[in-house]
Each structure stands twice: as C-alpha cells, then as structure tokens.
Amino acid sequence: MSGLTTAQLQANLAAAQQAYNDLMIGGKPVAVSYSQVNGSRSVTYTAANKTDLLQYIQLLQKQLGISRRRPVRFVFR
C-alpha cells in the first residue's frame with residue numbers, strides 16, 4: 001500500500017466500501033479492482049470472505065489516517 005497517493009487510496013476505499021455494500025445487500029459475488037504500485041489487481045469477494053473485504057477496508061482507512069471511534073461508555077457512580 002505504500003507508494004500510493006492519497007487520491008488512489010481514497011478511490012480504492014470507495015470501491016471497496018461499495019463492494020461491501022453490494023455484497024451485504026445482494027448476497028452475491030462482487031468484483032473489486034484496484035491499483036497497486038506494481039500494477040493493478042482484481043479480486044472477487046463472496047459472502048464467504050466478506051471478513052477479508054472488511055479487513056481490506058480497515059487497512060485502507062488506516063493508511064488514510066481514518067480511525068474508528070470507540071463507542072462512548074457512560075459510568076454512573
């Protein structure tokens with residue numbers, strides 16, 4: 001993932017998020033194409049490996065500095 005521009009990472013993230021959405025609402029295989037430093041790549045995800053797709057999304061978010069906020073927890077004393 002290193003060597004990609006911010007715009008490339010954002011485009012890859014948008015494609016992966018759309019693929020995850022399509023997979024979740026349609027339950028069908030989804031193809032994702034993205035570019036890497038050494039060329040482009042295409043992967044087909046199915047419901048069986050949606051966890052891999054989610055991990056890829058999280059990796060892209062980490063590369064872009066997008067962090068998931070922890071849930072707010074209330075403590076009553």
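## A walk from the core to the surface

Let's start on the inside. The largest nonpolar core has 15 residues, and among these Ala-16, Tyr-45, Leu-53, Tyr-56 and Leu-60 touch the most other members. Four elements each give two or more residues to this core: α1 (6–26), β1, β2 and α2. The biggest contribution is that of α1, which supplies 5 residues. Keep in mind as you turn the structure that this is a predicted model.

With the core in view, step back to the overall layout. The chain holds 2 helices and 2 strands. Followed from the N terminus, these elements come in the order α-β-β-α. To place them along the sequence, look for β1 at 30–36 and β2 at 39–45, with α2 at 50–63.

The two strands deserve a closer look. β1 and β2 make a hairpin, with 2 residues between them. Their pairing is antiparallel and runs over 7 bridges. If you would like one pair to find on your screen, try Ser-33, whose bridge partner in β2 is Ser-42.

Now move to the turn of that hairpin. Asn-38 sits in the loop that links β1 to β2. Is Asn-38 buried or exposed? Its relative accessible area is 70%, and exposed means over 50%, so Asn-38 counts as exposed. Asn-38 also makes a nice landmark for the fold: Gly-3 is 35 residues away from Asn-38 in sequence, yet the two C-alpha atoms are 9.7 Å apart in space.

That pair leads on to contacts across the whole chain. Taking the contacts between residues at least 6 apart in sequence, 51% of them join residues at least 24 apart.

Finally, let's go to the outside. The accessible surface of the chain is about 5800 Å², and carbon and sulfur atoms account for 50% of this area. Of the 77 residues, 22% count as buried. Which residues form a nonpolar patch on the surface? They are Val-72, Phe-74 and Phe-76, which together have about 440 Å² of accessible area. Phe-76 belongs to the segment that follows α2. With a relative accessible area of 78%, Phe-76 lies over the 50% cut-off and is therefore exposed.

So the tour began with a core to which both helices and both strands contribute, and it ends at a surface patch that includes Phe-76.

Conventions. Residues numbered from 1 in each chain as written. Predicted model: local features only at pLDDT ≥ 70, side-chain atom pairs only at ≥ 80, totals over all residues. Heavy atoms only, no water. Patch = residues over 30% accessible without salt bridge, like charges linked within 9 Å, V, L, I, M, F, W, Y side chains within 5 Å. Areas by Shrake-Rupley, 256 points an atom, 1.4 Å probe, with all protein chains shown as cover. Salt bridge = Lys/Arg side-chain N within 4 Å of Asp/Glu carboxyl O. Buried < 20%, exposed > 50% of the residue type's maximum accessible area, 1.4 Å probe, protein only. Contact = heavy atoms within 4.5 Å. Pairing = 2+ DSSP bridges. Core = buried A, V, L, I, M, F, W, Y, C linked by side-chain atoms within 4.5 Å.
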